[in-house]
Amino acid sequence: VYDLSPGPGVDKAVAEGYALIIRSMTGVWTYKSEWDRAWAAGIPVVHAHGSNDPARLDTPPRLFSAVVVGGEDPADGDLERSRGPGLELDAQADDGSTAESWATPTAAAVLARCYEATTGSGRERWWNARSMLRMACQGYAGGWSEERGYGVVAHDAGVPDSVDLQPPVDV
């Protein structure tokens, strides 16, 4: 589901068995308890980090249950997005757009392809897919940074052949 409202929307997602929540708005940390609740129910959340403002955001203060996405053009490093300690990765849409509202569905699509390429069930399978999403980022080998997270994932990113499991997210 796209741009699901927190609270009652998470209730609906759980009740109706949604596979994924995408939210291309600000306020990721404001609704942390809702995103944690969705994750606990086996529904990952892919959320925009900010509002296309090239500024450092202090929230979220760390990586957590939601996959937090910024937008960046890997060709020129154009910073059409926020950065900070809770940024997991940047994404670029198929039309080249790097706005965070377009980057979020791009990252969700790659995450879904990773999910289909892995095995397991529930949160374990989604965690494996999330690890694969990180590995698909340009810059993953260099590690995480506050500036670009694990790097930039493109809309047509290949799915890694194997999973380099990362420790579970501290929720």
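**Exercise 1. Find what share of the contacts between residues at least 6 apart in sequence join residues at least 24 apart, and describe the overall make-up of the protein.**

Solution. In this predicted model, 61% of the contacts between residues at least 6 apart in sequence join residues that are at least 24 apart. The next step is to take stock of the secondary structure, which comes to four helices and five strands, and which follows the pattern α-β-α-β-β-β-α-α-β when read along the sequence. Finally, of the 171 residues of the protein, 50% count as buried.

**Exercise 2. Work out which residues of helix α2 are buried and what covers them.**

Solution. Begin with the helix itself, residues 32–40, in which Lys32, Glu34, Trp35, Asp36, Ala38 and Trp39 are buried. Then look at the surroundings: the cover over these buried residues includes the helices α1 (8–15) and α4, together with the strands β1 (21–23) and β2 (45–48). After α2 comes glycine 42, which has a positive phi, near 85°.

**Exercise 3. Determine how the helices α3 and α4 are placed with respect to each other, and which residues meet between them.**

Solution. The axes of α3 and α4 come within 8 Å and cross at roughly 120°, which makes α3 oblique to α4. As for the hand of the crossing, α3 passes α4 in a right-handed way. On the side of α3, the residues that take part are Ala107, Val110, Leu111, Cys114, Tyr115, Glu116 and Ala117, and they meet Arg125, Trp126, Ala129, Arg130, Met132 and Leu133 of α4.

**Exercise 4. Count the aromatic pairs, and classify the pair of tyrosine 115 and tryptophan 126 and the pair of tyrosine 140 and tyrosine 150.**

Solution. Rings count as a pair if their centres lie within 6.5 Å, and by this rule there are four aromatic pairs. For tyrosine 115 and tryptophan 126, the ring centres are 3.9 Å apart and the planes stand at 20°; because planes under 30 degrees apart count as stacked, this pair is stacked. The pair links distant parts of the chain, since tyrosine 115 belongs to helix α3 (residues 100–117) and tryptophan 126 to helix α4 (residues 122–135), 11 residues apart. Tyrosine 115 is partly exposed, with a relative accessible area of 22%, whereas tryptophan 126, at 6%, counts as buried.

For tyrosine 140 and tyrosine 150, the centres are 5.8 Å apart and the planes at 35°, so the pair is tilted. Both residues lie in the loop between α4 and β5 (152–154), 10 residues apart, and both are buried.

A last step returns to tyrosine 115, where arginine 125 lies over the face of the ring, at 4.0 Å from the ring centre.

**Exercise 5. Decide whether arginine 81 and valine 153 are buried or exposed, and trace what lies around them.**

Solution. Arginine 81 is found in the loop between β3 (67–71) and β4 (89–92), and at 1% relative accessibility it counts as buried, because the cut-off is under 20%. Although arginine 81 and alanine 55 are 26 residues apart in sequence, their C-alpha atoms are 7.3 Å apart in space.

Valine 153 is found in strand β5, and with a relative accessible area of 0% this residue is buried as well. Its C-alpha is 6.2 Å from that of alanine 136, a residue 17 places away in sequence. Leaving aside neighbours within four places in sequence, valine 153 is in contact with Leu89, Asp90, Ala91, Gln92, Val110, Leu133, Ala136 and Cys137.

Terms used. Residues are numbered from 1 along each chain as its sequence is written. This is a predicted model: local features need pLDDT of at least 70, side-chain atom pairs count only at pLDDT 80 or more; totals for chains, interfaces and linings use all residues. Side-chain values use heavy atoms; hydrogens and water are left out. Rings of Phe, Tyr and Trp (its six-membered ring) pair if their centres lie within 6.5 Å; planes under 30 degrees apart count as stacked, over 60 as edge-to-face and the rest as tilted. Helices (H or I, at least four residues) and strands (E, at least two) are DSSP runs, numbered from the N terminus. Buried means under 20% relative accessible area, exposed over 50%, partly exposed in between (1.4 Å probe, protein chains only). A charge sits over a ring if NZ of Lys or CZ of Arg is within 6 Å of the ring centre and within 35 degrees of the ring normal. Axes are lines fitted to C-alpha atoms, for helices over the stretch in contact, and angles run from 0 to 180 degrees between N-to-C directions. Angles under 35 degrees count as roughly parallel, over 145 as roughly antiparallel, 65 to 115 as roughly perpendicular and the rest as oblique. A crossing is left-handed if the near helix is turned anticlockwise from the far one by less than a right angle, and right-handed if clockwise. Contact means heavy atoms within 4.5 Å.
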